[in-house]
Amino acid sequence: MGFYFFLFVGWILLDIQVLELCEAGITSSYVRKTDLDIDMPLDSDVFRVPPGYNAPQQVHITQGDREGKGVIVSWITADEPGSSTVLYWAENSELIYHADGTVLTYKYYNYTSGFIHHCTIKGLEYDTKYYYEVGIGNTTRQFWFITPPKVGPDVPYTFGLIGDLGQTYDSNTTVTHYQMSPAKGQTVLYVGDLSYADNYPYHNNIRWDTWGRFIERSAAYQPWIWTAGNHELDFVPKIGEPKPFKPYTHRYFVPYRASDSTSPLWYSIRRASTHIIVMSSYSAFGKYTPQYKWFTSELPRVNRSETPWLIVLMHCPMYSSYETHYMEGETMRVMYEPWLVKYKVDVVFAGHVHAYERSERISNIKYDIVNGRCTPVNDESAPVYITIGDGGNLEGLATKMTQPQPKYSAYREASFGHGIFDVKNRTHAYFSWNRNQDGVAVEADSLWFHNRYWKSMEKPSVAVL
Ligand SMILES: *[C@@H]1O[C@H](CO)[C@@H](O)[C@H](O)[C@H]1NC(C)=O
Ligand SMILES: *[C@@H]1O[C@H](CO)[C@@H](O)[C@H](O)[C@H]1NC(C)=O
Ligand SMILES: *[C@@H]1O[C@H](CO)[C@@H](O)[C@H](O)[C@H]1NC(C)=O
Ligand SMILES: *[C@@H]1O[C@H](CO)[C@@H](O)[C@H](O)[C@H]1NC(C)=O
Ligand SMILES: *[C@@H]1O[C@H](CO)[C@@H](O)[C@H](O)[C@H]1NC(C)=O
Ligand SMILES: [Fe+2]
């Protein structure tokens, strides 16, 4: 009797589990090629030093103000400090302007950096192509960028999503696919873990330089919006390097003061129809910390009439069903998820887990330590969480997933690739994910976003008298 009873219960449990499996999302059965993930050698074409005395190298740009009329131009010279001036001019214009920047160096263990230049250009016209020149006085190099349209609710704009890139052959494919994508990304939202130089003995910072040269072919022509990850920490007290984020903060400047932040590790920008908030998973974020205070005062400042799309970037995901880094984002989720839901954040992009995953709109904010309500539930006010840590670094893919796939996970796949977030107008945006093994135009996963704020503004279509 007891035996049959257990069989019976077992059968019910099995049945429920099958049911849950049916309701859950998709675990892709796609099997990628299993090449070794190795860094491209130092003499690779993508790492070549540009010719000429003191030629500017590792040229990259990012947004330089809160609204998109500013650009920070950064580059490195190897032989002497040289000039920190940027010459720039609008396409079809005779007028050449100049802006003066600063130069700095840093040491890391026995490594000494080149001369790192940062120059902020301000007061640009919106929606205009500018050419710019660096290396004034010695070998000069010319590049260009296009400023975004003026901030407004219906301004279309296309972002690329890249994370955990590193500098392997796979990383190179990811950048190539992004550049060749028919979606034509205009700005990269980078979700942290840049060079992976820290995987080398003494964090050999030469691999920060090779990475800078590698991404120049994109980052010199369009802004990459930076988020710090754990591989930016470079925290090694025993070799005399106790200051976290040293190489990263010297090389990658961001416009944090423009959003009243006190740290380059968390800040915000507005661009076209979006308000983008960058968080730091590896800085103090508990209640009363500078990051917490900034974040909670930033959210009420978001004007969804002007920037309907509210995007949050952070390195460590709050929702991930992979075994690697499982629940690492839990403390941050507990602190910040109620805020993301209250302010109807549209999407949270994260990296860290070397794979792709997209969540359902769910939240898990009702739990109070004794009431047992600790399972995520469907929530129309919640963001979609997208893990895009699949840039292709040398640590390889996170292939082990928790089983069965939890209900909150809509799609997951351990392949390298990149994402595109294509804002159409105030109500619609289209997200797609491209895996490196497919052609550049193939979407392995995609989702139409219906803006959270405008959706909540819509009146129910009943009882209209
Ligand atoms: C730095 O130290 C490491 C380990 O002692 C050594 O292999 C490397 O050649 C040194 N590099 C420089 C630039 O001195
Ligand atoms: C490089 O430019 C600086 C001025 O910025 C000048 O003083 C120096 O002589 C130049 N060096 C060479 C080798 O042209
Ligand atoms: C990286 O990709 C670019 C563009 O496809 C290609 O020209 C280059 O040869 C590649 N480099 C390596 C080392 O694979
Ligand atoms: C939000 O932006 C709209 C449109 O520019 C403006 O009318 C409104 O006053 C702003 N709201 C706040 C709270 O600043
Ligand atoms: C917004 O974009 C979507 C998708 O392209 C389109 O279907 C919709 O009509 C647009 N809305 C407006 C008001 O133009
Ligand atoms: Fe990471």
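How far from an oxygen atom of ligand 5 does a polar side-chain atom of Asn425 lie? The distance is 2.3 Å, and the surroundings of ligand 5 are the subject of the first legend. All views are taken from a predicted model.

**Figure 1. Surroundings of ligand 5 in the predicted model.** The shell consists of Lys424, Asn425, Thr427, His428 and Trp448. Within this shell, Asn425 places a polar side-chain atom 2.3 Å from an oxygen atom of ligand 5. On its own, ligand 5 has 360 Å² of accessible area, and the protein covers 36% of that. By class, the shell residues of ligand 5 comprise 1 nonpolar, 3 polar and 1 charged.

**Figure 2. The iron ion (ligand 6) and its protein donors.** Four residues supply the donor atoms: Asp193 through OD, Asn230 through OD1, His315 through NE2 and His352 through ND1. These donors lie 2.1 to 2.2 Å from the iron ion. The arrangement is irregular because the 4 donor atoms subtend angles of 86 to 170 degrees at the metal. For a tetrahedral label, all angles would have to lie between 85 and 135 degrees. For reference, the ideal angle for four tetrahedral donors is 109.5 degrees.

**Figure 3. Sequence positions of the iron donors, with Asn230 and His352 in detail.** Along the chain, the donor residues of the iron ion (ligand 6) follow the spacing D-x36-N-x84-H-x36-H. Asn230 sits in the loop that runs between strand 14 (224-225) and helix 4 (246-251), while His352 sits in the loop between strand 18 (347-350) and strand 19 (356-359), so this pair ties together parts that are 122 residues apart in sequence. The two residues are also assigned to separate accessibility classes. Asn230 has 21% relative accessibility and therefore counts as partly exposed. His352, at 3% relative accessibility, counts as buried.

**Figure 4. Surroundings of ligand 2.** Tyr53, Glu80, Ile136, Gly137 and Asn138 surround this ligand. A polar side-chain atom of Asn138 is found 2.6 Å from an oxygen atom of ligand 2. Gly137 contributes through its backbone, with an N or O atom 3.4 Å from an oxygen atom of ligand 2. Taken alone, ligand 2 exposes 370 Å², of which the protein buries 41%. The shell around ligand 2 divides into 2 nonpolar, 2 polar and 1 charged residues.

**Figure 5. Surroundings of ligand 1.** Tyr109, Asn110 and Tyr202 are the residues around ligand 1. The side chain of Asn110 has an N or O atom at 2.3 Å from an oxygen atom of this ligand. Ligand 1 exposes 360 Å² when taken alone, and the protein buries 31% of that area.

**Figure 6. Ser195 and its backbone contact.** Ser195 belongs to the loop between strand 13 (187-190) and helix 3 (206-219). Its relative accessible area is 1%, so Ser195 is buried. The side chain of Ser195 reaches the backbone nitrogen of Ala197 at a distance of 3.0 Å.

**Figure 7. Gln291 in helix 5.** This helix spans residues 290-298 and contains Gln291. Gln291 counts as buried because its relative accessibility is 0%. From C-alpha to C-alpha, Gln291 and Ser263 are 8.3 Å apart in space, with a separation of 28 residues in sequence.

Terms used
Residues are numbered from 1 along each chain as its sequence is written. Chains are lettered from A and ligands numbered from 1 in the order in which they are written. This is a predicted model: local features need pLDDT of at least 70, side-chain atom pairs count only at pLDDT 80 or more; totals for chains, interfaces and linings use all residues. Side-chain values use heavy atoms; hydrogens and water are left out. A residue is near a molecule or strand if one of its heavy atoms lies within 4 Å of it. A polar contact is a pair of N or O atoms within 3.5 Å; within protein, one must be able to donate a hydrogen and the other to accept it, and residues adjacent in sequence count only if both atoms are side-chain atoms. Accessible areas come from the Shrake-Rupley method with a 1.4 Å probe; for residues, only the protein chains shown count as cover. Donors are N, O and S atoms within 2.8 Å of the metal (3.2 Å for Na, K and Ca); water is not among the atoms, so sites may look incomplete. Four donors count as tetrahedral if all angles lie between 85 and 135 degrees; four count as square planar and six as octahedral if opposite donors are over 155 degrees apart and all others between 65 and 115; anything else is irregular. Helices (H or I, at least four residues) and strands (E, at least two) are DSSP runs, numbered from the N terminus. Buried means under 20% relative accessible area, exposed over 50%, partly exposed in between (1.4 Å probe, protein chains only). Ala, Val, Leu, Ile, Met, Phe, Trp, Tyr, Cys and Pro count as nonpolar, Asp, Glu, Lys and Arg as charged, and the others, Gly among them, as polar.
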